[in-house]
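Colleague: Please take a close look at the ligand sites and describe what surrounds each bound molecule. A connected account, suitable for a first-year student, would be most welcome.

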There are 2 protein chains.
Amino acid sequence: MTPQTATAETETEAPLRVPVALGERSYDILIGRGLVEDAGARIAERLPRSRVAIVSDETVATHHLERLQASLEAAGVGFATILLPPGEASKRFSVYETVCDRVLEARLERNDAIVALGGGVVGDLAGFVAASVRRGMPFVQMPTTLLSQVDSSVGGKTGINVRHGKNLIGAFHQPALVLADTATLDTLPPREFRAGYAETVKYGLLGDASFFAWLEENHAAVFAGGAEREEAIAISCRAKAAIVAEDEFETGARALLNLGHTFGHALEAIVAYDGTRLVHGEGVAIGMRLAFDFSVRLGLCPPQDRDRVAAHLASVGLPTHISDIPGQMPPAESFLDIMAQDKKVSRGALTFILVRGIGDAFIERGVDPAALRDFLTDELASRS
Amino acid sequence: MTPQTATAETETEAPLRVPVALGERSYDILIGRGLVEDAGARIAERLPRSRVAIVSDETVATHHLERLQASLEAAGVGFATILLPPGEASKRFSVYETVCDRVLEARLERNDAIVALGGGVVGDLAGFVAASVRRGMPFVQMPTTLLSQVDSSVGGKTGINVRHGKNLIGAFHQPALVLADTATLDTLPPREFRAGYAETVKYGLLGDASFFAWLEENHAAVFAGGAEREEAIAISCRAKAAIVAEDEFETGARALLNLGHTFGHALEAIVAYDGTRLVHGEGVAIGMRLAFDFSVRLGLCPPQDRDRVAAHLASVGLPTHISDIPGQMPPAESFLDIMAQDKKVSRGALTFILVRGIGDAFIERGVDPAALRDFLTDELASRS
Ligand SMILES: NC(=O)c1ccc[n+]([C@@H]2O[C@H](COP(=O)([O-])OP(=O)(O)OC[C@H]3O[C@@H](n4cnc5c(N)ncnc54)[C@H](O)[C@@H]3O)[C@@H](O)[C@H]2O)c1
Ligand SMILES: NC(=O)c1ccc[n+]([C@@H]2O[C@H](COP(=O)([O-])OP(=O)(O)OC[C@H]3O[C@@H](n4cnc5c(N)ncnc54)[C@H](O)[C@@H]3O)[C@@H](O)[C@H]2O)c1
Ligand SMILES: [Zn+2]
Ligand SMILES: [Zn+2]
């Protein structure tokens, strides 16, 4: 049986460990194959005498839930299980309310824990539930997508979407532990893996040119699995952890992590979060290429760097142009409207993450809306 | 015109100031007549360049909204106004969702502020909205009931009720400023004033015997208004601020503030939060008398202290017995069930705040459910 084999593997190979230094809210990210089978023991060690509510989605549950439940049972950790429909649509008020209710229904107490087993959707929703039931309960992230392993499970941002935009309601709530089992990625659809890869590339682009170069060399091995995969995830987590430690509540440097995201979020909103047309990481891939292109246009970035970025993203099969999104796209004005309501807006001025080149992103708080409109108009005209 | 008179008064009489020391989350509570008229200037000073959303209830708005709006206008602070139906029923999911939506609709940004003008219901709901819109916005409390001035506006607890119990969903979110305008209490119904007075008495009972004795002497003046009122509020806020500073997230000493509340919350749940039968502070009055009585029964507290407490609460017109609540009461078992789901429950054992006497409360984590059942059975039999 595969589960047992995996357990045997972990007992010999220790996972990689990335500490997130946030004072009394510090925690570890563990990265390795077989952490699902280890989860019970590790949770019991970190949160002694806790019961847990596992929150997962139906797709993830098919592949990985039983092994997690068995591991909790073996460690004597009582649990309830709450399953959501897969997809971005679960990050909404009514589901949040239902999950809160189910956690209370399971009579979890304030020192019990919420365990999120799934991608960023499960993590963001379950994290907000953990932040708000009894005004805050311990939270364990078990990310099962590449995107959530390198990004959403690190840093404590949680939340849901509302009609005004993505993630506009939520909380900062740090996990007590992150268990990133890289074996779970074996069941992830290639398209989702690629989407997560876009966020991995982001860390290179925003502050680590040598990591980007390493990815240009090693991307095939990262996709195929093996030690390079864990290494890429650990480097990404370390990069994010450093930024989060500097700016837990996103009042400054943390905004750098939004490279590609202002465009990306607008694209996601425009397709109404329809995952068949665009998943988050694909939006980010297009958004990063747009951020480089816009930076070139503003005379900030050499065009060669933009071309290298576009080439690398395309080489792994990621979209890089708005026209790569299937279906109709609205005019540039719609993008501007959506970006103006985006939470990165500050006092009416548009805030963007721009670049001086690969590995050198910065926060620009005074982007001229007219320049942006022109840029988007040309972009939409060029390929449609 | 009354507003102008009040403004004139404040300009000469400085409000009392109670600092709440919570590191980078520290803030001031200002207590005095006429702070509504001053609010615009004080908010602009504390949160420069912010716009605000005023959250209030329809009753409070009738009496005090216009003066607040005028004050904001005079100070050049832009605002939106969001009104709720008065009463505990507004502390629920659907209202929370609507208010979040209205705040986003008003296009408030992350550095803009939510201003709660009202009692504990408005403060708890608006505070949770402030905690969660854009993962946290600045929050200003303008409490207009005695209860909210001495209790709910201090300490950062926010939240809503669900079918499993009161305040089970929420956040710790400290205000940036608390403006307690004691003139607003002039329009408060006497019953609500008395309810708030119960929380004021609580500070004497839990840790300050001399304050309780002072209240026995001065309660008439506190009810009538005048300097004793502001003094009683300031002493209460100082007492709460000290406990909150020691234990912001209620992992220890802060539980002392629940004196009378485990019983009180159960009573509120049993009447289904029907404010015509029981308001929060009345539940606390009965709960405090029960806590003293239970402590006497356990041989912890001299009966004279219980009698003094009961006599003082009754002398101002507060209920002290379950049988003082109009309508039918269920059997003791129902209370136990509700208390077992209460958030103060820890790992199946009942936690209660008990007393060794007036001014000497302590946290007892191992209350015997059988002793409690006997006590409640006798209590329900004695007067019904
Ligand atoms: N909190 C943060 O800091 C942060 C950062 C980035 C993104 N996000 C959020 O993350 C979300 C996107 O996350 P995501 O891309 O992980 O999406 P997701 O959670 O929807 O997962 C993508 C799909 O893959 C499936 N899946 C997940 N794990 C699987 C596995 N191991 N095997 C097979 N199928 C699997 C899911 O059922 C889903 O259909 C967005 O809502 C985004 O806003 C949050
Ligand atoms: N967050 C905390 O730490 C904390 C502490 C204690 C209580 N609470 C909560 O506070 C709530 C009770 O607060 P409350 O007693 O202030 O209730 P409330 O807000 O419902 O106010 C009581 C009534 O008085 C009216 N009112 C308020 N101010 C008025 C004024 N100045 N003039 C005329 N009418 C006025 C209101 O419209 C309402 O009908 C409960 O929900 C309780 O859970 C919270
Ligand atoms: Zn992202
Ligand atoms: Zn109270």
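Modeller: The largest share of the shell around ligand 1 comes from helix 3 of chain A, which supplies four residues. Helices (H or I, at least four residues) and strands (E, at least two) are DSSP runs, numbered from the N terminus. The model is predicted, so local features need pLDDT of at least 70 and side-chain atom pairs count only at pLDDT 80 or more, whereas totals for chains, interfaces and linings use all residues. Residues are numbered from 1 along each chain as its sequence is written, chains are lettered from A and ligands numbered from 1 in the order in which they are written, and side-chain values use heavy atoms, with hydrogens and water left out.

Around ligand 1 there are 27 residues, where near means having a heavy atom within 4 Å. The nearest of them are A:Glu88, A:Gly120, A:Thr144, A:Thr145 and A:Thr187. By class, the shell holds six nonpolar, twelve polar and nine charged residues; Ala, Val, Leu, Ile, Met, Phe, Trp, Tyr, Cys and Pro count as nonpolar, Asp, Glu, Lys and Arg as charged, and the others, Gly among them, as polar. Both domain 1 (16-185) and domain 2 (190-243 + 252-382) of chain A contribute to this shell, so ligand 1 lies between them. The domain bounds come from an automatic or database assignment.

Several polar contacts (pairs of N or O atoms within 3.5 Å) can be followed from the ligand outward. An oxygen atom of ligand 1 lies 2.8 Å from an N or O atom in the side chain of A:Asp57. For A:His64, the partner is a nitrogen atom of the ligand, at 3.4 Å. A nitrogen atom of ligand 1 is also 2.7 Å from a polar side-chain atom of A:Thr187. On its own ligand 1 exposes 860 Å², and the protein buries 91% of that area (Shrake-Rupley method, 1.4 Å probe). The elements of chain A giving two or more residues to the shell are helix 3 (58-74), helix 5 (120-132), helix 6 (146-152) and strand 8 (165-172).

Chain B holds ligand 2. Of the 27 residues around ligand 2, B:Glu88, B:Gly120, B:Thr144, B:Thr145 and B:Thr187 come nearest. The side chain of B:Asp57 places an N or O atom 2.8 Å from an oxygen atom of ligand 2, and a polar side-chain atom of B:Glu88 is 2.7 Å from an oxygen atom of the ligand. Of the 870 Å² of accessible area that ligand 2 has alone, the protein covers 91%. Helix 3 of chain B gives the most to this shell, namely four residues.

The zinc ions complete the account. The protein donors (N, O and S atoms within 2.8 Å of the metal, or 3.2 Å for Na, K and Ca; water is not among the atoms, so sites may look incomplete) of ligand 3 are A:Glu199 (OE), A:His261 (NE2) and A:His280 (NE2), at 2.0 to 2.1 Å. A:Glu199 belongs to helix 7 (residues 190-207) and A:His261 to helix 10 (residues 261-270) of chain A, so this pair ties together parts 62 residues apart in sequence. Both A:Glu199 and A:His261 are buried (under 20% relative accessible area, with exposed over 50% and partly exposed in between; 1.4 Å probe, protein chains only). For the zinc ion that is ligand 4, the donors are B:Glu199 (OE), B:His261 (NE2) and B:His280 (NE2), at 2.0 to 2.2 Å.

Notes. Polar contact = N/O pair within 3.5 Å; in protein donor to acceptor, adjacent residues only side chain to side chain.
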